[in-house]
Each structure stands twice: as C-alpha cells, then as structure tokens.
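Okay, everyone, thanks for coming. Let me put the model up, and then we'll walk through how the chains meet.

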Amino acid sequence: MSSSTLPAVDGRVARNASSAGPSLRHSPWEVRALRSNLLTAGAWAAAIAASIPLFSVLYMLIVRGGSRLSWEALVELPPAGFEMGGGFGNAIVGTLVMVGLGALISVPVGIGAAVFLAELGPNSTLAGAVRFGAKTLTGLPSILAGVFAYASVVLVTGTYSAPAGALALAVLMVPTVVLTAEEAMKMVPRITKDAAYGMGCTRSQVIWKIVLPTALPGILTGVMLGVARAAGETAPLMFTALFSAYWLVEQGGIKLMRPTASLAVLIYNFSGMPFENQIELAWAASLVLVMIVLFINIASRLLGRRRA
Amino acid sequence: MKRLMIAMLLLVSIPFAEAQERVRLTGSGASFPFPLYSAWFKSFSSQNKSISVDYQAKGSGAGIQDFINHTVDFAASDAAMTDEEIAKVPGGVQLVPMTAGEIALAYNVAGVKGLKLPRDVYAGIFLGKITRWSDPKIKAANPGASLPDQDITVVRRADSSGTTFVFTTHLAAISDEWKKGPGVGTTVKWPGSDKFVASPKNDGVAATLRQTPGAIGYVEYAFGKFSKMDMALLQNKSGQFVAPGGKGGEEALASVKLPADLRAWLPDPEGAQAYPIATYTWLLLYKKNADPKKAAALRELVDYCLTEGQKMSLQMGYIPLPESVSATVRKAVASAQ
Amino acid sequence: MSVLEHARHPGAVAGAPSTWDFFADRAFRGIAKAAAALILALLAFILWQIGRKAAPGIRDYGFGFLTSTSWDVGRGHFGILPAIWGTLYSSFLALVMGGFFGIVMAIFLTQDFLPPRLAVVFRTTVELLAAIPSVVYGLWGIFVVVPAIRPMANSFYEHLGWIPIFGTTLSGPGLLPASLVLAIMILPTVAAVSQDALRQVPYRVKEAAYGMGATRWEAILKVMLPTAATGIFGALVLGFGRALGETMALAMLIGNSNQLSLSLFSPANTLAALLALNFPEAGPREVQVLMYAALVLLGITLLVNIAGGAIMTLAARNVRR
C-alpha cells in the first residue's frame with residue numbers, strides 16, 4: 001500500500017500541538033473517521049438487506065416443511081395419487097448414498113489435483129490448463145452433467161443406477177473442490193513449509209503433514225459447498241438415477257444398479273402435483289435435505305477442529 | 001463407535017435373510033398421466049407382492065428415447081410414436097392406449113364463473129388477436145357475466161410438453177391461421193407479445209395463473225380439477241358449450257374408432273356433447289422381451305390397468321376407456337410376445 | 001513427525017528421507033499429477049460427447065445459430081441470440097448483486113462486527129443456504145419474490161417506462177425475479193469462500209495498519225481486501241460459474257421467451273434453462289441443436305474466465321506500481 005493513501009500521523013499532531021502529545025483518539029466528525037463510521041452503518045444495512053431474502057427462504061422452508069415433519073415422513077415410502085400419509089424414507093437413503101459416493105469420487109480427485117496446482121507444479125502448462133478446465137467446468141449446466149453420465153454409464157450398463165447418479169454429482173462437485181482447495185493451500189505460510197523441508201521432509205511429507213492439515217478448514221468449505229450443491233440438484237439425477245418408490249435395500253441385498261430415489265427428484269415430482277399431501281411432503285423433504293447438509297457441515301467442522 | 005457400526009451392519013443384512021426375488025419394472029415418459037399411473041402401479045404392487053413397478057415422469061420425448069435405448073422396461077407417451085421412432089426398436093413396438101385426458105382452459109377473472117368461450121374466441125386469444133376481456137365477442141357469449149376491461153395475459157408452457165402438442169393439434173384443426181402460424185408441436189413459436197408469459201409444467205402455469213389477474217392458460221384437466229381452478233366451457237364442433245370433466249370426455253373418445261395400430265387422434269371430436277380437446281395417452285411395450293418373467297409381469301400390469309385401474313380414472317380426473325376400446329386393446333396385448 | 005522415525009541417529013532433529021519415504025513421495029506426486037490430468041480429461045471427454053452430438057447441428061446451422069432470434073421447432077428454425085443475451089444479462093446482474101452482498105457479508109462476519117459466537121451462527125446459516133435445492137429456490141421465487149416485486153415493478157413502469165430497462169410490465173416470470181433469486185443462490189458461495197480468504201490474512205497485517213493510524217474501514221478496504229484479493233476473485237469466479245450454469249430455478253423464473261429486451265421486467269431465456277426445458281421432449285433434430293447451444297454456453301464460460309484472468313493480471317500489475 002502506498003504511503004500517499006494514509007496521511008502521516010504528523011499531520012494531525014501539528015493540529016493538536018497544544019496538548020501534551022499526539023492524540024490517539026479519533027473524533028467521530030473528522031473526515032476519515034466519519035467515512036469509516038458511515039461505511040460501518042452501510043455494512044450493517046447491507047448485511048441486514050442481504051439477510052432478509054435469506055431468512056425469507058429459510059422461514060418459508062421451516063414453516064411449510066416443519067408442519068409435515070414427523071417420524072412417519074422419514075421412514076415411509078412415497079404416497080401415490082390420492083393416498084394420504086406416506087413419506088420419503090427411501091429418498092433420504094438414496095440421497096445419502098449418491099452424494100456419499102459422489103463425494104468419494106470427487107474429493108480425492110479434487111484434492112489431488114489441487115495439490116498438484118498449488119504445490120507440485122503451480123506454473124507448469126498443465127497447471128494452467130487444469131485451472132482453466134476447472135473454471136470452465138464450474139459453468140457446466142447440471143443437466144449436461146446428467147447427460148454426460150447418461151451417455152457414459154446408463155447407456156453402457158443398460159439401466160438407471162445409483163452409481164450413474166453419483167458420477168453426475170461428482171462431476172458437479174469436482175470444480176468447486178479443486179478451486180477452493182487450491183486457494184486454501186496457497187495460503188499456507190511459506191515459513192512452516194520451509195521449516196519442514198529444513199528437517200528433511202520429502203515434498204509429499206510436507207504436503208501431508210503441513211499443507212493439508214493447515215489448509216483443511218478451507219478445503220472443508222469447498223467440500224461442503226460441493227456437497228450442498230450436489231444434494232440439491234434435480235436435473236442430473238433425472239437422467240441417471242431416475243426415481244423409485246421402493247427401498248434400495250430389499251430381499252437379496254443392497255441393489256445399487258437400479259433406479260434410485262432421491263430427495264431432489266422427489267421434491268421436483270411432488271411439488272408439481274396438484275395434491276396437498278404431496279406438496280406438503282415436498283416441503284418437508286426440502287427441510288430434511290437442508291438439515292442433512294447442516295448436520296454434515298457441523299460434523300465436518302468438529303472433526304476438522306479436533307486435528308488442530 | 002465400533003459397536004454402533006456392527007449393529008448397523010447387522011440391521012442392513014437382515015433383508016439378506018429373505019431369498020425371494022422380486023421382479024422390478026421401470027418405466028419413464030409422459031407427465032400427463034403421472035398421477036394416475038403412480039396410483040395404479042402402487043396399488044398393483046401392493047396386490048402383487050412379487051412385482052414392483054416404478055415410473056418417472058420426464059416427458060414423452062425422454063421416455064421414447066429411453067425406450068429406444070432400452071434403458072427402461074416400458075415407456076409412456078402422449079404422442080404415441082412416429083413410424084421412424086418405431087423403426088428404431090428391434091423387434092417392434094406394441095402401443096397400448098391406457099387412458100385419456102382432457103385439456104382445460106383455466107382462467108383468473110374475478111367474479112366470473114362458468115366462462116363460455118366460442119371456437120373463434122379462444123383461438124383468437126391464443127393467437128394474440130383478442131386482447132381484452134371486455135372484447136365484444138367474449139361479451140356476446142357470456143351475456144350475464146360482468147367482464148372487466150382488463151388485458152388478457154396468456155400463460156403458456158415454458159417447457160416442451162405433450163400437453164402443448166395436443167393443444168396445438170386441436171388449435172390447428174379449428175383455425176387455419178393457427179395452422180399457418182405457430183403450427184403444431186411440443187413447443188411452437190408463440191406470438192411475440194409481452195402479454196404472453198411462460199411457466200414450466202402444470203404447476204408453474206397454475207401458480208402464474210393464480211397470481212396474475214386476467215390470465216388464461218391451458219392445463220391438464222386433472223390438474224385443474226384438484227387445484228380448484230376456474231375452467232372455461234368450450235364450444236365444440238356441434239356448437240355446444242361443454243365443460244371439461246364428466247361425460248364430455250367419453251363422448252369425445254367414442255367419436256373416433258381405433259385403427260389397427262391403436263394410434264388414434266382426436267383433434268376435433270364430433271358428437272353433440274363431446275369436449276373438444278382430448279387425447280389418448282399410450283404405454284409403449286416391446287413386442288419382444290428378452291426376459292420372460294418381465295414379459296409376464298408386464299402383461300399382468302397392463303391387464304390390471306385396463307380392468308381394475310379404469311375404475312380409478314374418473315375420480316382422478318381422467319377419462320375411463322370405453323368398453324369397446326379396452327376390449328380391443330386387451331386383445332392386442334395378449335397377442336404380443 | 002515420521003521423518004524423525006527414519007532419522008539416522010537417535011535424538012537427531014532432522015534427517016534425510018528413507019527409501020520408503022522416497023518412493024512414497026514419488027507415488028504421491030504421480031497420483032496428484034494424475035488427478036489433475038483427470039480433470040482435464042474429464043472436460044475433454046465431456047466436450048467430445050457434446051461435440052459429437054452437436055456436430056450435425058453446427059454443420060446445418062453454422063454461425064447464424066448465434067445471431068438468429070427465432071425458435072421454431074416445427075419449421076426447423078433455431079436461434080439462440082435471446083438465450084445468450086439472457087444468460088449474460090442475468091448472470092452479470094446476479095454477480096453484481098450476489099457478489100457485492102456476498103463480499104460485504106464476508107467482511108461483516110470476519111472483521112469483528114459481531115460477537116464471535118453470533119458470527120459462527122450467522123456463517124453456518126449462510127452456508128446452509130447453499131444446500132437448498134434449486135427447485136425450492138424456484139418455488140420461493142414464484143410464490144414470494146414475484147408477488148413482492150410486482151407492485152414496485154409496475155410503478156417503475158408507469159412512471160419511468162421511457163427508460164429502456166423499465167420498458168415493460170412484469171407479468172410474472174422475468175429477468176429481474178430470476179436475477180434476484182440467482183443472486184441469492186450464489187451469495188452463500190461467494191460469502192463462504194471470501195470469508196476463508198479474509199481469515200487467512202495474518203492478523204499482524206491488520207495490526208500494522210492500525211498501528212499507522214488507519215481507521216477500521218481504511219484497514220479493511222486498503223489492506224485486508226487487497227491481500228485477500230486472489231481468494232475473493234476465486235469466490236467470484238465460482239459464483240459466476242454457478243450463475244451461468246444454473247438450470248432448475250431459472251427455468252422456473254425466466255419465462256422462456258425469445259424476446260431480446262433491455263427491460264428488467266420482460267421475460268427472457270437463458271442457455272441452461274433452454275436446455276433444461278426442451279431437452280426432455282426433444283427429438284433427434286432438436287437434441288443436436290441443444291448440444292450446439294451447450295457448447296456455446298461452455299464457450300462463454302471459457303471466454304468470461306479468460307477475460308476475468310486478464311483483468312486480475314492487470315489489476316495486480318497496477319497494485320505493484
């Protein structure tokens with residue numbers, strides 16, 4: 001920062017020369033302090049303004065969804081047409097399974113790539129290309145991720161399945177994980193890394209023992225954002241996992257290579273039906289989805305903190 | 001922690017104990033009959049413990065694609081299948097009309113119930129020619145109603161859909177100007193006025209209709225009925241004003257004889273009390289099914305829907321198939337495979 | 001640390017890597033490089049899949065596809081100019097609104113404006129909003145946003161209708177509701193990543209600024225933000241990417257109309273929404289055209305990222321004096 005932007009303290013000393021020494025107190029009416037206070041007021045106003053729609057969405061979710069939330073809703077199978085009652089238990093299981101599998105694919109790949117981008121080859125041509133690739137992939141419409149997984153998995157295996165859905169979700173998660181993890185790793189102070197090198201660590205050891213643990217909070221943010229987005233996407237799942245009104249686990253064991261229910265597709269289906277029962281369930285399912293992500297979020301932050 | 005994991009594993013493995021294999025049928029396609037199909041399939045599965053049926057509404061086109069790619073066991077379409085699509089399926093396709101439905105014109109005009117719309121009027125509204133509710137032609141057809149001097153906002157479907165296909169087929173049949181203009185299709189080029197708004201799916205159209213005073217739009221009758229929307233009485237070919245729901249649909253179906261390949265269209269039904277906009281909706285089955293168990297299950301399913309299932313149709317807002325039609329269809333299905 | 005376990009002399013503080021360390025190092029670096037290459041391969045594979053289906057469409061329609069405004073499936077006329085316009089207009093608006101408020105939120109939550117516990121609660125709430133399914137945002141937009149802004153929009157139209165951006169009435173779905181909802185959707189992403197960037201700035205940097213007599217906001221605007229700039233820019237890139245590709249919520253709120261208009265209230269179209277709304281029912285002809293549109297969208301994302309990168313480099317150069 002250039003010295004011209006901060007007027008030297010001496011300037012004000014001269015004005016207050018009559019008192020014993022320079023005064024450290026800002027008069028609130030003096031120009032720079034006034035500007036700062038106005039900005040604070042502005043920031044408060046902006047934060048409140050931004051919070052209103054945020055809380056409006058949450059409010060709508062809680063009010064409409066909460067009224068239908070019950071044990072029955074969490075463990076029963078989806079109702080059809082005129083039926084009353086019912087729930088979305090299979091959709092919860094399906095979402096957990098597919099998001100879990102998707103994370104299992106995207107998180108290692110994402111962190112591995114970020115390690116390469118931040119530590120191993122930050123200035124190589126491959127790194128530049130990968131960065132552009134990841135940024136371009138952030139703009140991939142979710143429906144294309146679904147179409148891609150459809151062509152790659154569903155057409156090849158001949159059936160809709162949970163792994164196909166997981167792949168589509170992984171494609172959506174990877175760019176977020178890579179870009180956030182890279183930024184987090186770049187922020188690790190050079191001093192700690194140099195100290196480790198000085199002790200004789202190999203590059204991998206520095207990464208495993210220093211960089212990754214220090215960057216963990218930032219990496220977790222990226223993973224959480226990716227998971228949150230993946231859990232709520234409908235279009236890719238419609239082309240890969242379709243939907244099912246039955247449980248994933250049934251006589252014969254866990255059947256993954258079948259159409260799988262998910263909360264996002266259930267919400268899409270039910271919100272479009274003219275029956276009150278289904279619409280209420282759709283709202284309850286939205287609330288449950290948000291609560292699941294909240295739970296994973298809190299759990300991961302607690303786990304991340306324990307390492308320190 | 002370890003004990004919890006073991007307990008969970010045990011819980012999950014309990015189902016392993018039962019050895020019975022269920023036949024699982026998967027289908028996808030039109031959203032028009034989705035509420036009815038999901039009710040049918042669920043009650044069928046609860047009566048037949050060894051068969052479970054899943055159906056996902058993604059659109060007739062997507063369903064046909066799935067069917068051609070063999071990623072589903074059956075599909076559903078509001079527009080049957082074209083010859084070139086049938087040609088892509090090795091072994092041939094059996095088209096089965098399962099039910100029929102009507103398309104209603106829902107509107108949001110305060111204080112006006114039982115709006116009557118003559119043919120040229122509703123065609124004119126959707127062409128963008130008639131733009132105000134106080135238009136003399138509308139007034140002439142509804143002498144008792146107090147029509148406000150309000151702009152007509154037309155709500156159409158944003159997504160490509162079989163419902164649009166059926167509606168535009170009908171409009172093309174009754175209006176030459178429509179035929180030459182926007183034409184027929186799952187999406188068409190609507191008049192470019194800012195009074196034409198689009199919303200996706202039936203519920204999007206319904207929501208926009210409810211929020212916009214002076215709006216009119218087309219929705220599936222079943223949807224309109226359960227959303228308790230005001231629906232207009234339309235003038236049919238014989239000049240009568242018929243309300244959607246009730247006998248109007250059955251009369252419309254009765255007016256057309258099913259050809260051998262079971263593809264029948266009803267662009268402009270005859271019949272004194274026929275409702276003018278109705279359509280069959282088909283189930284698409286493979287003529288040659290690799291898995292005999294699935295083939296048998298499918299036959300049972302179709303049979304159920306054509307007999308027991310029809311009893312649910314009227315209540316859910318669809319048109320039950322006339323006896324003659326369902327008999328023809330059952331014969332055709334029995335001969336397949 | 002394991003390096004001490006392999007140290008040559010007991011009690012040594014440092015030591016050379018053992019053979020196992022050496023191979024593990026090589027293996028890990030290889031895997032990391034492979035992961036990076038995998039991402040590139042993924043993008044290439046996706047482009048190939050889309051390109052393959054789009055090729056006939058490109059051959060038949062060529063460049064005119066990008067400049068035509070009519071979308072008539074029946075007659076085979078396709079043009080995506082309104083969709084390109086709508087995509088850029090809505091995403092840009094969303095980025096300006098969502099990005100600005102997201103960064104302000106991030107500053108608000110990391111610069112001691114709130115007691116720490118409250119800040120954590122706030123932060124978690126904002127992150128939660130990233131989890132809300134896009135369908136729900138679409139429904140919220142239809143049921144809450146549109147009715148809420150309709151009266152304001154119509155009064156703008158009545159009094160200021162001669163200004164092009166207020167040129168039409170708001171009859172339901174349109175550009176402004178869609179952009180507003182999109183801004184809310186990207187705000188959590190921008191806020192979360194910006195918070196991380198700001199938190200990474202060492203405290204002593206801020207202390208130094210205070211020590212020189214800076215006011216609170218001078219410290220934030222002239223010291224913290226520039227230091228965290230790359231992280232914040234990354235947040236904006238993620239947000240913009242999400243805005244460009246958002247499908248479900250925009251499909252419900254943009255109005256799917258092929259009109260080119262400057263007005264904030266008129267219905268519009270975006271490439272992603274076009275894809276989502278037409279793909280399920282598309283016949284083989286239309287699928288090719290839609291894949292062509294998808295390629296165009298990816299191309300736009302690429303161009304915007306290149307432009308953004310160039311701006312960052314220029315800005316960095318200026319800061320360095």
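Let's start with salt bridges between chain C and chain A: the count is zero. Keep in mind that this is a predicted model. So what does turn up across that interface, in terms of polar contact? The rule finds eight residue pairs between chain C and chain A, with both residues at pLDDT 80 or more. On the chain C side, helix α2, residues 19-61, gives the most to the surface touching chain A, with 19 residues.

How many residues take part here? You get 93 from chain C in contact with 93 from chain A. Put those two chains together and about 8500 Å² is buried between them, with 78% of that on carbon and sulfur atoms. If you want names to look for, try F28(C), I39(C) and W217(C): they supply 8% of the area that chain C buries against chain A, more than any other three residues.

Okay, now swing over to chain B and chain A. Here we have 37 residues of chain B in contact with 37 residues of chain A. The buried area is about 3100 Å², and 59% of it sits on carbon and sulfur atoms. On the chain B side, the residues that lose the most area to chain A are R24(B), K42(B) and Q56(B), together 22% of what that side buries.

And salt bridges, how many between chain B and chain A? Zero. For polar contact, though, the rule finds 12 residue pairs across that interface, again with both at pLDDT 80 or more. Which elements of chain B are giving two or more residues to that side? They're β1 (23-29), α2 (34-47), β2 (51-57), α3 (60-69), α9 (201-211) and α10 (221-226). Of these, α2(B) gives the most, with seven residues.

Next, let's look inside chain C. It's divided into domain 1, residues 16-61, and domain 2, residues 80-320. The C-alpha centres of those two domains lie 29 Å apart. In the contact between them, domain 1 of chain C puts in 10 residues and domain 2 of chain C puts in nine. Together they bury about 890 Å², 79% of it on carbon and sulfur atoms. From domain 1, I50(C), K53(C) and Y61(C) supply 45% of the area buried against domain 2, more than any other three residues. What about salt bridges between the two domains? The count is zero. And for polar contact the rule finds zero residue pairs there too, at pLDDT 80 or more for both.

Last stop, the nonpolar core. The largest one has 315 residues, and those with the most contacts inside it are F88(A), M185(A), L117(B), I80(C) and Y137(C). Which helix gives the most to this core? That would be α7 of chain C, residues 175-199, with 16 residues. Both domains of chain C are in on it as well, since the core draws at least three residues from each of domain 1 and domain 2.

Let me zoom in on M185(A) before we stop. Leaving out residues up to four places away in sequence, M185(A) touches I111(A), A114(A), V115(A), A118(A) and E119(A), and also V211(A), L212(A), A215(A) and I219(A). That's my tour, so over to you.

Methods
Residues numbered from 1 in each chain as written. Chains lettered and ligands numbered in written order. Predicted model: local features only at pLDDT ≥ 70, side-chain atom pairs only at ≥ 80, totals over all residues. Heavy atoms only, no water. Core = buried A, V, L, I, M, F, W, Y, C linked by side-chain atoms within 4.5 Å. Buried < 20%, exposed > 50% of the residue type's maximum accessible area, 1.4 Å probe, protein only. Helix = DSSP H or I, 4+ residues; strand = E, 2+ residues; numbered from the N terminus. Domains from an automatic or database assignment. Contact = heavy atoms within 4.5 Å. Buried area = accessible area lost by both parts, 1.4 Å probe. Salt bridge = Lys/Arg side-chain N within 4 Å of Asp/Glu carboxyl O. Polar contact = N/O pair within 3.5 Å; in protein donor to acceptor, adjacent residues only side chain to side chain.
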